[in-house]
Amino acid sequence: MAARPVLLNRLLRHTRYLLRARGYATSTSSVNPIEVSHFNALASTWWDPHGSSRLLHLMNPLRHDFISSCHALKAHSSPHRDLRYLDIGCGGGIFAESAARLPSTANVTAIDPSKEVIEVARQHARRDPRLQEPGRLEYLNKAIEDLDMPRSLDGMYDVVTLFEVIEHISTPAPFLKSCLPFVKPGGWLILSTIARTWTSWVTTKVVAEDIAGLVPRGTHDWSKYINEYELKDFFAGQQGWGINGGMKAMGCIYVPGIGWRMVMGGEQWGNYFFGVRRNPEE
């Protein structure tokens, strides 16, 4: 295999340095006003299956498939019934609504720092009487740092999700640390994001934003993408996470005219799902 160009090596090393520096910066909130403003502008089209969130609608079934695959690992996982979800950065509620309708779901709490987007989510949920059942689905206009820290298992969740969120966070390590206490022992933190590679730069920036217009320009910042091994390194440093096979990743790729498909090994170069289980109490 040909040696990687010197310039590329320097760029990747520099980007990793910036991510590490950013990850351990002091911050009281993960909310980036620029990111919030960007998604505020997309709020009105969130539920348009052919609009700016089209790829999210198409990806949603894979989110559930990945969560099910994590629960299928069985060992020490929470029972796959009466599940409590916390959906962080829920946007207009594409995943939150679908999770709330599952027979295995007890309730869903979904949070987002954008007031406009949360209002879109609430309005859309009113169309389904089942989602209006007390405790079934609750939307909160909050960031994770604004939630009260759980003091008991009753305040924790079986599944905490971060779908297409972390690549929009300027300080990923403190943000992830803010999320961890909300996962109950034996529960899962599930996220999806994008690897920081030349392939992802071409597909998500050049093709998706500039050429095909699949997503609005400015949606992604390539320097904020996070590689799978960086997540593994992070969780390896967190006591009480990921033992006995409690860590899983799976790549996915969008095929025009077909949709999203899982791709083993794709986590090394493009979009991927990542799940890590909180160790069960002995």
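How many bridges pair β5 and β8, and in which sense? The pairing takes in seven bridges and is antiparallel. The views below come from a predicted model.

**Figure 1. The whole chain carries eight helices and eight strands.** The chain has 282 residues, and 53% of them are buried. Take the contacts between residues at least 6 apart in sequence: 75% of these join residues at least 24 apart. The exposed area comes to about 13600 Å². Carbon and sulfur atoms supply 55% of that area.

**Figure 2. Eight strands form an open sheet with mixed pairing.** The strand order reads β3-β2-β1-β4-β5-β8-β6-β7. The edges are β3 (137-140) and β7 (259-263), and each of these pairs on one side only. On average, neighbouring strands of the sheet are turned by 20 degrees against each other, direction ignored. Helix α3 (residues 54-71) packs on the sheet. Its contacts are with β1 (83-88), β4 (157-163), β5 (183-194), β6, β7 and β8. The directions of α3 and β6 make an angle of about 155 degrees.

**Figure 3. Strand β8 sits between β5 and β6 in the sheet order.** On the β5 side, seven antiparallel bridges make the pairing. There, L191 stands opposite F274 of β8. On the other side, β6 (residues 247-255) and β8 (residues 271-277) also run antiparallel, joined by five bridges. M247 has V276 of β8 as its bridge partner. G251 has Y272 of β8. Is β8 covered or open to the outside? The strand is mostly covered: seven of its seven residues are buried. In a regular strand, side chains alternate between the two faces of the sheet. In β8, N271, F273, G275 and R277 point one way. Y272, F274 and V276 point the other way. Residues of both sets are buried.

**Figure 4. Helix α2 (residues 33-40) has a buried face.** The buried residues are E35, V36, H38 and F39. Seen down the helix axis, they fall within an arc of 160 degrees, so they line one face of α2. P33 and I34 lie on the other side and are exposed. The cover over the buried residues of α2 includes α5 (115-125).

**Figure 5. Helix α5 keeps its buried residues on one side.** Which residues of α5 are buried? They are V117, I118, A121, H124 and A125. Their arc around the axis is only 125 degrees, which puts them on the same side of α5. A general rule helps in reading this view: an α-helix has 3.6 residues a turn, so residues three or four places apart point the same way. Several elements cover the buried residues of α5, including α2, α4 (94-100), β2 (105-111) and β3.

**Figure 6. T219 is a buried loop residue.** T219 is found in the loop between α7 (198-211) and α8 (228-236). Its relative accessible area is 8%; the cut-off for buried is under 20%, so T219 counts as buried. The T219 side chain reaches the backbone oxygen of P216 at 2.6 Å. Leaving aside residues up to four places away in sequence, T219 touches E35, H38, H168 and E209. Among these contacts, E35 and H38 are buried residues of helix α2.

**Figure 7. R196 is buried in the loop between β5 and α7.** The relative accessible area of R196 is 2%. What does the R196 side chain meet at 2.8 Å? One of its polar atoms lies 2.8 Å from the backbone oxygen of Y225. R196 and E167 are 29 residues apart in sequence. In space, their C-alpha atoms are 9.8 Å apart.

**Figure 8. E164 and N244 have positive phi values.** Most residues other than glycine have a negative phi. E164 has a phi near 55 degrees. E164 lies in the loop between β4 and α6 (172-179). With 18% relative accessibility, E164 counts as buried. N244 has a phi of about 50 degrees, and N244 is not a glycine either. N244 belongs to the loop between α8 and β6. Is N244 buried or exposed? At 57% relative accessibility, N244 counts as exposed.

Methods:
Residues numbered from 1 in each chain as written. Predicted model: local features only at pLDDT ≥ 70, side-chain atom pairs only at ≥ 80, totals over all residues. Heavy atoms only, no water. Helix = DSSP H or I, 4+ residues; strand = E, 2+ residues; numbered from the N terminus. Buried < 20%, exposed > 50% of the residue type's maximum accessible area, 1.4 Å probe, protein only. Contact = heavy atoms within 4.5 Å. Areas by Shrake-Rupley, 256 points an atom, 1.4 Å probe, with all protein chains shown as cover. Pairing = 2+ DSSP bridges. Axes fitted to C-alpha atoms, helices over the stretch in contact; angles between N-to-C directions. Polar contact = N/O pair within 3.5 Å; in protein donor to acceptor, adjacent residues only side chain to side chain. Arc of directions from axis to C-beta.
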